[in-house]
Structure formats: C-alpha cells, structure tokens
Amino acid sequence: MINQEEFFKKITSHAKEYGFVFPSSEIYDGLSAVYDYGQNGVELKNNIRQYWWKSMVQYHENIVGVDAAIFMHPTTWKASGHVDAFSDPLIDNKDSKKRYRADVLVEDFIAKIEGKIDKEVAKAQKRFGDAFDEAQFRATNQRVLDNQEKINAINKRFYKALDQNDLADVKLLIEELEIACPVSGSRNWTEVRHFNLMFSTKMGSTADGANEIFLRPETAQGIFVNYLNVQKTGRMKLPFGIAQTGKAFRNEIVARQFIFRMREFEQMEMQFFVRPGDEKQWYEYWKAERMNWMLSLGIPTEKFRFHAHEKLAHYANAAADIEFEFPFGFKELEGIHSRTDFDLGAHQKFSNKKLQYFDPDTNESYIPYVVETSIGLDRMFLAVLSYAYNEEKLEDGSERVVLKLPAVLAPYKAAILPLMKKDGLPEKAREILADLREDFMCHYEEKDAIGKRYRRHDAIGTPYCITIDHQSLEDNTVTMRERDSMQQERVKIDELAAIIRKKIKPVKV
Ligand code: ATP
C-alpha cells in the first residue's frame, strides 16, 4: 500500500507524462498555481465541459447559455460585494515564513478531531459487527460526544469572530488551540489580516486616466448582468436558468495541491431564477440533480458527500457543497447556493436599472430569487483523474497503469490499430478510422508491438482498442479490446459505432 501523498504524486506525474497537465510556462520553471492542459488533457477537459453543458442546457428546456466577457464594468464587483468582502483571513508563521489561510488552519484542526471520532466509530463497528447501530453510537458514546462538542465550540467561536471581523480573536483561537505551523512546527504567528483575492489590471492608456478593472473571480456575475437581456430576448418564464462556463481568476494565498486550487481556473455555473418563496424547493432539487450528474458518470456514490455550510456567505440563505474524496481527503468540488435576490437586487441598486420580472400568473413584478450550482472544471478534472488512476498487477506478473475514465469523458473513444504495417492492413484500418471519426475522437497508431500500443492507450484511458488483422480483410471483423476487463472480442466492423455509442451513455441513476 502506498500512502495518499505518494499516490497524489503519481497522479501528478502521470498527468504530465501522458500529456494531460503541464506546469504553465515550464521552460521558465513554471508559474505558481497556474497550469496548462496538454493534448490529452484538453480533450478530457472539453469532454467534461460538454457533458455538463449537455446535461444543463441541452436536456433542460428552461435553461439557456451565455458567454460573457471576463472583463466587466468595475461597479459589478462593488455591487456583488467582492470589492469589500472577497478576501481570506491570512496569517504568517514567523519562523518558516510560510503563509496560511487562518480558516484552513482551523478547518484542518477540526478535521483531526473528526478523524478521532471516525476512529472511535470504526473501532466500535469492529467490536459489534452487524449489530452495530452507528447513529445510536454517535448519539450516545461519551468520547464521540465530547469531541463533537469541541468541534461545535470551535466552529461557533471562529465564525462569530469572522462575522464580526474580529481578526484578533481568530489569532487568539489559533493560539489557544495550539495550532503549529506544519513546516517549522512553531506557534510563532503574525497578526491575522484580510487579503482581497481579486486580480486587477488597467484598462485604457494611463495618459487618458486608465480605469482599474478586475479579472472576474467568478462567472456568476456575467449571468446576473445579462439576466434581463436573456429573459426578454429569450421570452423566458420563471423558473428558468442561465448557464455559463469560463475562466475565473483568484489570487489564492495558498496555492498547493496541483489543479485543485489554481490562480486561473475555469468554472461551470448555472443560475436558476425562481419565484421568491420557491427557492428552498429548488435548492433541494438542484442538490439532488447535481449529485445525480456526478453519479451518472459511474463514479461510486461513496466517493461523494454533501457538506452543509456552517457559515453562510453574505448572499445566501442556504448552501451546501458536494465534496469528493480526493487523494488528500474529502474536499469541495461543487457548491449549491440559494442566493436569494441579493445579486439582482444589488445590481438594480447600483445600476439604477429595473431588474424585475413581471409574473403573468400573479400580475406582480418582483426581483427573482436565485439558486446557483457552481462547479470548478479543473477540480472535476482532478476528481475524475484521481478516481480513474489505477495500477494493476496482471496474471502474467506484469503491471499496467490504467485510467478507468468514464468512457464519455475519455480523450479518445477508440484506438484504431492495424496489427502490421503491411498487407493492406493500414488501408483497411484507415477506412474504419474515416468512418468512426465522424462521431468519435479516434486515434490511429501503427508503430510498435500491439501490446505496447494497448498499454499506451490504457494509460490515457481509451475505452476500446480496435485491431485490424488479416482476417479483417476477409470477413470484415476486427478484435475489440475493452480497457478495464482487457477482454477481446471479435466483432463486425459495422457494429463498432453502435457498441461505442452504448458505452458512452450516462449511467441511469
Ligand atoms: P474553496 O473553499 O475551496 O476556496 P470556494 O468556496 O471559494 O472554494 P466557490 O466560490 O463556491 O469556491 O467556487 C465554486 C467552485 O469553483 C468550487 O466548488 C471549486 O470547484 C471551484 N474553485 C474555486 N476556487 C478555485 C480555485 N482556486 N482553483 C480551482 N477551482 C476553484
């Protein structure tokens, strides 16, 4: 068994070695927390984006898309609250000179206590076997209760301090909990201060008096400022949604963990506009829908969990994350937020433009409420990649690395492999390629022994390897090798497309 840290390192280096993810501008030693997607990465990323877009826009009559600019009028970010409140509490360790997010230090501390509770539960489970009632144990075991109380007390104090902007108390809490710097081991901390995460730049020449503008830290605001345009031109009736994918930028304080936390990343967001009062029902609906989307990829349910927010953002009346079990533990993958009328209300106020909806059913005008689903494309990429990465020992004693990617997301759906580079096999193979690539990304390869070619496609997650041999010339059949089972089957060339199409269908949940 390798430990999780080593496992994560393997994924990172596999991603690089097989053309999925490279450090940005690597020849200059890279740029911290910025990454480029390579030839296979871009396909996987496009496929995730497309899978999301299809499920949101194509499959919902009442959801349409937009593609708003990254640059937005600076007042947008005043109205949204980002200028005043989009900051993280930051703290430095004086000995290691390392910088941390104060909230992350506290969260990690809480995670350790949660770990103790989980251990207690696991121990009891072992002891009691099938008769074990976990809920009852958690509700009655004194050690579990004590630890839970500890967690609650820390949370309460911490969020109160943040709410009241009492950064001195945040520091005091870190000291009282005796949280030490993981690098230096010391508890020699600076004061806690706020750090705004927005990148800014200048628009127009400085001589003309350039305006400071921001690179958008989320795509959502591009949807809100276009709400009325879309509603009117699309003649949309409530409830309806607007979806968008695109780049977002955050000057993250601590940028570790590969593409989990980047300074330039991509979001896939959908804002669903509803009648005030209906938002809780839609919030529950979208929570379930988004979880189903994850499961429709065939990733097991135990890799996901919901985490309800303790502290609600200034705009929300309910919020939960879908967490995924990354190699470094369960962490946020997607947020589902009930944002009330905060955003449209603020934009109406700051722009002096009416952003109301006339409800023909009730003859009333009002600002709609909003339920948002917001997922990081890069985080989903990492989730899929870390789930898919497998090292296997084969019966003949050899080993293979295989990416068991959901077929619909795999960079290539099929590899087209003539067994030999002669006797008309490449020509036959190219005929098959010409036919299949109308519908699917396919990869043609004739170099190296067939076994080697299989391994290369295992390593990038190609679901099918199609081998063309002499028999193919006689009876129009080929060998189709399935990636996960490595089973080979003789199939008719005419049937290939249908088999692949079936394989990339979403799992019914
Ligand atoms: P975190 O708590 O991890 O910083 P967040 O709560 O600030 O995330 P949101 O503002 O809710 O995140 O953004 C929605 C989604 O965008 C997140 O669930 C995540 O998938 C993605 N995301 C946010 N920040 C980053 C980042 N720096 N790099 C990659 N993805 C990100």
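Which residue has a backbone N or O atom 2.9 Å from an oxygen atom of the ligand? That residue is Gly-376. Before going on, please note that this is a predicted model.

I'll stay with the ligand for a moment. Gly-376 is one of several residues with a short distance to it. A polar backbone atom of Leu-333 sits 2.8 Å from a ligand oxygen. On the side-chain side, an N or O atom of Glu-252 is 2.8 Å from a nitrogen of the ligand. Taken alone, the ligand has 590 Å² of accessible area, and the protein covers 85% of that.

Who makes up the shell? There are 16 residues around the ligand, and those that come nearest are Glu-252, Arg-261, Met-262, Glu-332 and Leu-333. By type, the shell splits into seven charged, five polar and four nonpolar residues. Three elements give two or more residues each: strand 10 (264-274), strand 13 (329-340) and strand 16 (369-376). Strand 13 contributes the most, at five residues.

Next, a residue in strand 16, namely Ser-374. Is Ser-374 buried or exposed? Its relative accessibility is 11%, and the cut-off for buried is under 20%, so Ser-374 counts as buried. The side chain of Ser-374 makes a polar contact with the side chain of Glu-269, at 2.6 Å. Leaving out residues up to four places away in sequence, Ser-374 also touches Gln-267, Met-268, Leu-333, Glu-334 and Gly-335, besides Glu-269 itself. Leu-333 you have heard already, as the residue with a polar backbone atom 2.8 Å from a ligand oxygen.

Moving along the chain, we get to a hairpin. Strand 17 (residues 389-393) and strand 18 (residues 399-403) run antiparallel and are joined by five bridges. Within that pairing, Glu-391 stands opposite Val-401 of strand 18. Five residues lie between the two strands, and in this hairpin Gly-397 has a positive phi near 90 degrees.

Last item, Pro-463. This proline is in the loop between helix 15 (450-460) and strand 21 (464-468). Although in a loop, Pro-463 counts as buried because its relative accessibility is 2%. What is Pro-463 in contact with, leaving aside neighbours within four places in sequence? The list is Ala-407, Ala-410, Tyr-412, Lys-413, Arg-481, Glu-482, Arg-483 and Lys-503. For a sense of distance, Met-203 is 260 residues from Pro-463 along the chain, and their C-alpha atoms are separated by 47 Å.

That is what I have for today.

Methods
Residues numbered from 1 in each chain as written. Predicted model: local features only at pLDDT ≥ 70, side-chain atom pairs only at ≥ 80, totals over all residues. Heavy atoms only, no water. Near = heavy atom within 4 Å. Polar contact = N/O pair within 3.5 Å; in protein donor to acceptor, adjacent residues only side chain to side chain. Areas by Shrake-Rupley, 256 points an atom, 1.4 Å probe, with all protein chains shown as cover. Helix = DSSP H or I, 4+ residues; strand = E, 2+ residues; numbered from the N terminus. Nonpolar A, V, L, I, M, F, W, Y, C, P; charged D, E, K, R; others polar. Pairing = 2+ DSSP bridges. Buried < 20%, exposed > 50% of the residue type's maximum accessible area, 1.4 Å probe, protein only. Contact = heavy atoms within 4.5 Å.
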